[in-house]
Amino acid sequence: MKRETAVIVLLLVAVLLPMWYVALHGEPPSEEVEIDKSVSEIRPLQEIVDTPEKLAPSQVGVIVWVALFGLVAALTAVHRFMNSAVRPDDANDAAVADGGQVGLPWFRTDDRWVVTYHDASDAIEGVLAMGGLTIVAIVFAALFTGEYLTLARTQYFGVYAMGMFVSLALLTVAYYAWFLPHVEVAERREH
């Protein structure tokens, strides 16, 4: 593990442990209210994972912090994927040296020039990834709509919405990674 990564992890642990300790001493849990199973077949409280019925504000704060750190980690992983897994490392692969002519006319001006340019890979893996993610997005959208149209079975809205939005976000990532050129420009600035 890199030193910088270890320092970040230690800082996160140092912040989250006291917050979690305070959150554990929050309000007592409340009991869930269920429908009488002998009267109805509907199970609106059925869940994939057992979760508490009531959260104290301190517990919500810890969960929000953990979710935000998870979001930062996910964005970092996606950024690294887009820049390293799909982009070529080979400097000879259509890279443009100083003064090279590439791209649209607005890329190169008197104060701005292209440093590196790698054309889009247009690989078959990108087409397959985009096709698969499109199908996944359609399936989750259909499940979300089906959940909405059924009676009293709305406990999976969040799961289906998350699946739909994550697949759409990954679809955007796949498009960027495989079908957009990678361009780095340098620009002269007056201070």
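These are my notebook entries on what I looked up in this predicted model.

**Entry 1: the overall layout**

I began with the elements of the chain, and I found four helices and two strands. Reading from the N terminus on, I wrote their order down as α-α-β-α-α-β. I then looked up how much of the chain is covered, and of its 191 residues, 18% count as buried. The chain exposes about 14200 Å², and I noted that carbon and sulfur atoms supply 66% of that area. For the contacts in the chain with a separation of 6 or more, I found that residues 24 or more positions apart account for 70%.

**Entry 2: two helices side by side**

How do α3 and α4 pack, and at what angle? Helix α3 covers residues 124-149, while helix α4 covers residues 157-179. I found that the two pack at an angle of about 160 degrees, with their axes 8 Å apart. Because angles over 145 degrees count as roughly antiparallel, I wrote down that α3 is roughly antiparallel to α4. I also noted that the crossing in which α3 passes α4 is left-handed.

**Entry 3: the largest nonpolar core**

Which residues make up the largest nonpolar core? I listed nine of them, namely Met82, Val86, Ala123, Leu133, Leu171, Val173, Ala174, Ala177 and Trp178. Helix α4 gives the most to this core, with five residues. As background I recalled that in soluble globular proteins, nonpolar side chains tend to be buried together.

I then followed single members of the core, starting with Met82, which is found in helix α2. Met82 has a relative accessibility of 14%, so I counted Met82 as buried, since buried means under 20%. Met82 and Trp178 are 96 residues apart in sequence, yet I found 8.5 Å between their C-alpha atoms. For Val86, another member of the core, I left aside residues up to four places away in sequence and found that Val86 touches Phe81, Ser121, Ala177 and Trp178.

**Entry 4: the end of helix α4 and strand β2**

What does Phe179, a residue of helix α4, touch? Without counting residues up to four places away in sequence, I listed Ala120, Asp122, Ala123, Gly126, Val127, Met130 and Ala174. For one of these partners, Ala123, I also looked up the spacing, and Phe179 and Ala123 are 56 residues apart in sequence but 8.4 Å apart in space, C-alpha to C-alpha.

Next I looked at His182, which is found in strand β2, covering residues 182-187. Is His182 buried or exposed? At 17% relative accessibility, His182 counts as buried. I also returned to Met82 here, and the C-alpha atoms of His182 and Met82 are separated by 9.9 Å, although the two residues are 100 residues apart along the chain.

**Entry 5: a residue in helix α2**

My last look was at Gln59, which lies in helix α2, the helix of residues 57-85. Gln59 has a relative accessible area of 15%, so I recorded Gln59 as buried. Where is Gln59 relative to Val22? I found the two 37 residues apart in sequence and 8.1 Å apart in space, C-alpha to C-alpha.

Conventions: Residues are numbered from 1 along each chain as its sequence is written. This is a predicted model: local features need pLDDT of at least 70, side-chain atom pairs count only at pLDDT 80 or more; totals for chains, interfaces and linings use all residues. Side-chain values use heavy atoms; hydrogens and water are left out. A nonpolar core is a set of buried Ala, Val, Leu, Ile, Met, Phe, Trp, Tyr and Cys residues joined through side-chain atoms within 4.5 Å. Buried means under 20% relative accessible area, exposed over 50%, partly exposed in between (1.4 Å probe, protein chains only). Contact means heavy atoms within 4.5 Å. Accessible areas come from the Shrake-Rupley method with a 1.4 Å probe; for residues, only the protein chains shown count as cover. Axes are lines fitted to C-alpha atoms, for helices over the stretch in contact, and angles run from 0 to 180 degrees between N-to-C directions. Angles under 35 degrees count as roughly parallel, over 145 as roughly antiparallel, 65 to 115 as roughly perpendicular and the rest as oblique. A crossing is left-handed if the near helix is turned anticlockwise from the far one by less than a right angle, and right-handed if clockwise.
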